[in-house]
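This report looks at ring pairs, charges placed over rings, and the surroundings of one threonine. The sequence and the structure come next.

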Amino acid sequence: QVQLVESGGGLVQAGGSLRLSCAASGSIFSFNAMGWYRQAPGKQRELVAAIARGGNRNYADFVQGRFTISRDNAKNTVYLQMNSLKPEDTAVYYCVADIGATMSRNPDYWGQGTQVTVSS
C-alpha cells in the first residue's frame, strides 16, 4: 500500500502563490506517475498536473504557465508550485499516484486532500 500526505494548502489572495507538498510512504516502488487532481464545490475532479518518475510533465490547460510540478524521487515527494492564483483555483487539491508511467483518469492512490482558497 501507498500513503500520500499533502501539506501546504491555505488561504491566499488573488495573484499570490502557494506551494503544495506530498510525501509518499509505504510501497513506494509500486507507483510511477505522481500528480495533483483538484475538485471545486459542485464540480468534477480534474487533473491539474502530473509527472512521471523520469521527469516527464503534463499540465492542464488552465494552469499552463502558472503552476509547476516537480518531484524528488530520493524523498518520495512531489510538489506543486502555484503562482498567479485566481479565485477559480479554489478547490480541494489531492495528491495522487499511479502505477502507470502516465497518470490515468483513475489513479491508484489518493491523499486526503488539502484545501486551497483564493480570495478576490
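## Aromatic pairs

A search of the whole structure, which is a predicted model, turns up 2 aromatic pairs. One joins Y37 and W110, whose ring centres are 5.3 Å apart and whose planes meet at 50°. The pair counts as tilted because that angle is neither under 30 degrees, as for stacked rings, nor over 60, as for edge-to-face rings. Y37 belongs to strand 4 (residues 33-39) and W110 to strand 10 (residues 109-110), so this pair links distant parts of the chain, 73 residues apart.

The rings of Y94 and W110 also form a pair, with 5.8 Å from centre to centre and 75° between the planes, and this one is edge-to-face. Here too distant parts of the chain are linked: Y94 lies in strand 9 (residues 91-98) and W110 in strand 10, 16 residues apart. Through these ring pairs, Y37, Y94 and W110 make up a cluster.

## Burial of the cluster

Which members of the cluster are buried, and which is partly exposed? Y37 has a relative accessible area of 7% and is buried. Y94, with a relative accessible area of 13%, is buried as well. W110 has a relative accessible area of 30%. Buried requires a value under 20% and exposed a value over 50%, so W110 is classed as partly exposed.

## Charges over rings

W110 has a further partner in R45, whose charged end sits over the W110 ring, 4.5 Å from the ring centre. A second arrangement of this kind involves R53 and F31: the charged end of R53 sits over the ring of F31, 5.6 Å from its centre.

## The setting of T77

T77 is found in strand 8, which covers residues 77-82. Is T77 buried or exposed? Its relative accessible area is 9%, and the limit for buried is under 20%, so T77 is buried.

A polar atom of the T77 side chain lies 2.9 Å from the backbone oxygen of K75. Leaving aside residues up to four places away in sequence, T77 touches C22, A23, S70, R71 and D72.

## Summary

The ring pairs link Y37, Y94 and W110 into a cluster, and the charged end of R45 sits over the ring of W110. T77, in strand 8, is buried and has C22 and A23 among the residues it touches.

Notes. Residues numbered from 1 in each chain as written. Predicted model: local features only at pLDDT ≥ 70, side-chain atom pairs only at ≥ 80, totals over all residues. Heavy atoms only, no water. Helix = DSSP H or I, 4+ residues; strand = E, 2+ residues; numbered from the N terminus. Buried < 20%, exposed > 50% of the residue type's maximum accessible area, 1.4 Å probe, protein only. Polar contact = N/O pair within 3.5 Å; in protein donor to acceptor, adjacent residues only side chain to side chain. Contact = heavy atoms within 4.5 Å. Phe/Tyr/Trp six-rings, centres within 6.5 Å; stacked < 30°, edge-to-face > 60°. Lys NZ or Arg CZ within 6 Å of the ring centre and 35° of its normal.
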